Amino acid sequence: MPDSRFKILTTASTPGPGDAGRTGSWRVERPIIDYNRCIPAKTGKHACHLCWLYCPDSTVSKAIKPEFDLQYCKGCGICAEECPAQAITMVAEENFAGGGDNE
């Protein structure tokens, strides 16, 4: 049974995309996901989702085919580090010059 004395000590905040603002043009790398390796996409089930769980800016959707909100993704690469299937790779932004989602 929860102790009501500690109720006021818990956080009431919820994560949301863009707490630090839009990325703008300064992101150096962006995550690219290989759905052939991604566990939820491959199995068609809500499994894993470690990229969603560990993203500090909540820019990964918790969907069968996870997607990145590149308006807010900082390109930190935590999602790629935590992916147990190595489905996410970080690709240099210069490869997307002239047609990225951030423009």
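Thr59 is in contact with Glu67, Phe68, Asp69, Tyr72 and Cys73, once its neighbours within four places in sequence are set aside. Bear in mind that this is a predicted model. Thr59 sits in the loop that runs between helix H2 (50–54) and helix H3 (78–82). Is it buried or exposed? With a relative accessibility of 4%, Thr59 is buried, because the cut-off for that label is under 20%.

Next door in the sequence, things look a bit different in the backbone. Ser58 has a phi near 50 degrees, which is a positive value in a residue other than glycine. Ser58 belongs to the loop between H2 and H3, and with a relative accessible area of 25% Ser58 is partly exposed. Cys48 also has a positive phi, near 70 degrees, and again the residue is not glycine. Cys48 lies in the loop between helix H1 (39–43) and H2, and Cys48 is partly exposed at 36% relative accessibility.

Back to the H2–H3 loop, which also holds Pro66. Pro66 is buried, at 1% relative accessibility. Leaving out residues up to four places away in sequence, Pro66 touches Ile33, Tyr35, Cys38, Cys51, Val60 and Ser61. One of those partners, Cys51, is 15 residues away along the chain, and the C-alpha atoms of Pro66 and Cys51 are 8.4 Å apart.

Now for the cysteines. How many disulfides does the model have? The count comes to 0 disulfides. Cys51 is in no disulfide, and the nearest cysteine sulfur, in Cys38, is 6.2 Å away. For Cys83, the closest cysteine sulfur is that of Cys48, at 5.9 Å. Why is there no bond at Cys83? The distance is too far, because a disulfide needs the two sulfur atoms within 2.5 Å. As a reminder, a disulfide is a covalent bond between the sulfur atoms of two cysteines. Both Cys51, at 8% relative accessibility, and Cys83, at 11%, count as buried.

Here are some of the accessibility values side by side.

| Residue | Relative accessibility | Label |
|---|---|---|
| Pro66 | 1% | buried |
| Thr59 | 4% | buried |
| Cys51 | 8% | buried |
| Cys83 | 11% | buried |
| Ser58 | 25% | partly exposed |
| Ile78 | 32% | partly exposed |
| Cys48 | 36% | partly exposed |

On to the inside of the model. In soluble globular proteins, nonpolar side chains tend to be buried together. Here the largest nonpolar core has 14 residues. Which residues have the most contacts inside it? They are Ile33, Phe68 and Ile88. Ile33 also turned up among the residues touched by Pro66, and Phe68 is one of the contacts of Thr59. As for Ile88, and not counting residues up to four places away in sequence, the residues it touches are Pro31, Ile32, Ile33, Cys51, Phe68, Cys79, Ala80 and Cys83. Both Ile33 and Phe68 are on that list, and so are the cysteines Cys51 and Cys83.

Finally, the outside. Trp52, Leu53, Tyr54 and Ile78 make a nonpolar surface patch of about 370 Å². Helix H2 gives the largest share of that patch, with 3 residues. Ile78, for its part, has its place in helix H3, and with a relative accessible area of 32% Ile78 is partly exposed.

Notes:
Residues numbered from 1 in each chain as written. Predicted model: local features only at pLDDT ≥ 70, side-chain atom pairs only at ≥ 80, totals over all residues. Heavy atoms only, no water. Helix = DSSP H or I, 4+ residues; strand = E, 2+ residues; numbered from the N terminus. Buried < 20%, exposed > 50% of the residue type's maximum accessible area, 1.4 Å probe, protein only. Contact = heavy atoms within 4.5 Å. Patch = residues over 30% accessible without salt bridge, like charges linked within 9 Å, V, L, I, M, F, W, Y side chains within 5 Å. Areas by Shrake-Rupley, 256 points an atom, 1.4 Å probe, with all protein chains shown as cover. Salt bridge = Lys/Arg side-chain N within 4 Å of Asp/Glu carboxyl O. Core = buried A, V, L, I, M, F, W, Y, C linked by side-chain atoms within 4.5 Å.
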